[in-house]
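Please open the structure in your viewer and keep the sequence beside it. The stops below say what to select, and then what is there.

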Amino acid sequence: MGKQPFSKPPTHEFLGPFLPTKEKSCWILLFVLAFEVNSIRGGDVKIDFSYHHYPDLSRVLNDTAASCHEISRVYSVGKSVEGRDLWVIEFSDNPGVHEPGEPEFRYVGNMHGNEAVGRELLVYLAQYLCSRYQAGDARIRQLIGQTRIHIMPSMNPDGFELAATLGPDSPRTSTSWGSYGRLNAGRIDLNRNFPDMLPVWLLQEKSQRRNHHVDIPEWYWDTQVAPETLSVILWSLSQPFVLAGSLHGGSVVVSYPFDSCGLRKVMRSYSEAPDDALFRKLAKVYVDGHRKMGKCGQVEPCNKRNFTCKGGMTNGAEWYCVSGGMQDFSYLVTNCLEMTFELSCDKYPDESELQTYWEDNKEALLSYMEAVHTGIKGFVRDGAGKGVPNATISVEGVDHDVATASDGDYWRLLLPGTHRVTASWEGFEQTRTCAVKDGSPATVCDFSFSATTTWFASKDDVTGAITEFTITPAQSGKHASSSFSLHSNSFLRYYQILVITLIVVWSS
Ligand SMILES: [Zn+2]
């Protein structure tokens, strides 16, 4: 049997005049390949390891958001004394809105204008997130798909411009107070300008004391509140932030609340927050992700202080008391757990060292953001299934509650273990047992004040008839959909290449 002569399919004859010639096909193939190579390049991390003055900072943030417009936007939370915007670049699969159930995270840098490393690392982080998302990096896609991330590279842009007049020649150690840009242009130290909430809280009548969302005292508004501080206070209150980091310089250590010594006169003594053990665990996430912070001898001691041999972390007040710092404010006035990352002995190092600082901190910055997905989370709903805002979530044994956000959603970072958790609202309570596994994503622990669950008219009635559940860790549905889109994108790309190649082969 002889071979059947190859005959072109009728569709080819019909479409013949429209199909490309061999020469054209080669050009199309080259064009497609060039496009593919270019987009792979676009996926590479393009970071300019330099210092960014205010105009450069504005430009690089806007350029980054523009090239990742589907997951990013730039907004300003207010202006500095000299009228510079306090820019924030946001990353989310739905930028601009709070998605019910999705936690909010923030980084703030350069609160002290002469502490320049954090400012730059946050610019690089934004570029990294954008580039890696475009490259299809599964880890970054999952993070952005499940988290709303806000990055403010500079809370003190005026101070930075002053410090930058001297640049890396600025005094390099933590003794460079006052001048050279530490303060804002109104000569205010922004990390001493928040209301000192610990003494306010401790002085309240114990029986009436609320252990979260403590009211800012009236007298605070009669003090000199910097526009930068006020903007950040309003921003902190406007979003349900869950976890945050503030980037500083002058030492290499993570410093966790409380910074305030409260009512004590001692200048250096441990000031324990109700979530002290959790703060230490979260601090360890950053330290462990850092290339040097917890590794004894890896960093030259800054001003004789060497925290690297002491686990790379310290309680704020044990190091030195700070009254009016941002992290204590976040903890006592909002739901947000915040800590301070001191990134370098040298507050304003030479530009040539910036890439090394980025490499030292990159993994720590990422894993700390991912820690927002630990503990428990869920919704508090009423009998009609509607989310209950401002319900209180209390954990037995921890004297610090959180409140639900506007959709009834909440996040409570917790240590691994089994926790008795109570949701209360308008005199009604429901208690559940929620298990948190080490290394697992946040356990879903929902509460529903429906007719079928036990209702309590007052706290006194709670004992006894409580239904207890142990909830197993569960991934949100969002995770699944984000990984699907990742795969479908890759599939489409390969499909396009295959089709073009077939046309070329066919027409030649
Ligand atoms: Zn600082």
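In which helix is Leu 61 found? Select helix H3, residues 54–67, and Leu 61 will be found there, keeping in mind throughout the tour that this is a predicted model. Leu 61 counts as buried because 26 C-beta neighbours lie inside 10 Å, where 20 or more are needed for that label. Now add Val 74, Trp 87, Ile 89 and Ala 126, which are the residues in contact with Leu 61 once its neighbours within four places in sequence are left aside. Of this group, Ala 126 is 65 residues away from Leu 61 in sequence, yet the two are 7.7 Å apart in space, C-alpha to C-alpha.

Next, select helix H4 (residues 116–134) together with helix H12 (residues 354–370), whose axes come within 10 Å and cross at roughly 65°. H4 is therefore roughly perpendicular to H12, and the crossing of the two helices is right-handed. To see the contact itself, show Val 117, Glu 120, Leu 121, Tyr 124 and Leu 125 on the H4 side, and Leu 354, Tyr 357, Trp 358, Asn 361 and Leu 365 on the H12 side.

From the helices, turn to the sheet. Eight strands form an open sheet with mixed pairing, and they can be followed in the order E1-E2-E4-E3-E5-E8-E6-E7. At its edges are strand E1 (72–79) and strand E7 (313–315), each of which pairs on one side only, and from one strand to the next the twist averages 20°. Within this sheet, colour E5 and E8, which pair in the parallel sense over six bridges; Leu 243 has Leu 337 in E8 as its bridge partner. H12, already on display, packs on the sheet and touches strand E3 (104–109), strand E4 (148–152), E5 and E8, with its direction making about 170° with that of E8. Helix H9 (residues 276–289) is worth adding as well, since this helix lies across strand E6 (251–256), E7 and E8 and runs at about 150° to E6.

Stay with strand E8 (residues 337–344) and select Glu 342, which has its place there. An unreviewed UniProt entry lists Glu 342 under "active site". Is Glu 342 buried or exposed? Glu 342 is buried, because 27 other C-beta atoms lie within 10 Å. Leaving aside neighbours within four places in sequence, the residues in contact with Glu 342 are His 248, Gly 249, Gly 250, Ser 251, Val 252, Val 253 and Ser 255.

Now select helix H11, residues 326–333, where eight of the eight residues are buried, so that this helix is largely enclosed by the rest of the structure. Among the buried residues to show are Met 326, Phe 329, Tyr 331 and Leu 332. What covers the buried residues of H11? The cover includes helix H7 (197–202), helix H8 (227–238), strand E5 (241–248) and E8, so displaying these elements one after another will bring the surroundings of H11 into view.

For the last stop, go to strand E13 (residues 417–425) and strand E14 (residues 428–436), which run antiparallel and are joined by nine bridges. Ser 424 has Glu 429 in E14 as its bridge partner. Finally, centre the view on the hairpin of E13 and E14, where two residues lie between the strands and Glu 426 takes a positive phi near 50°.

Conventions: Residues are numbered from 1 along each chain as its sequence is written. This is a predicted model: local features need pLDDT of at least 70, side-chain atom pairs count only at pLDDT 80 or more; totals for chains, interfaces and linings use all residues. UniProt positions are given in the numbering used here, feature names are shortened, and annotations may be inferred rather than shown by experiment. Helices (H or I, at least four residues) and strands (E, at least two) are DSSP runs, numbered from the N terminus. A residue is buried if 20 or more other C-beta atoms lie within 10 Å of its own, exposed if 12 or fewer, and partly exposed in between; C-beta atoms are placed from the backbone. Two residues are in contact if their C-beta atoms, placed from the backbone, lie within 7 Å. Two strands pair if DSSP finds at least two bridges between them. Axes are lines fitted to C-alpha atoms, for helices over the stretch in contact, and angles run from 0 to 180 degrees between N-to-C directions. Angles under 35 degrees count as roughly parallel, over 145 as roughly antiparallel, 65 to 115 as roughly perpendicular and the rest as oblique. A crossing is left-handed if the near helix is turned anticlockwise from the far one by less than a right angle, and right-handed if clockwise.
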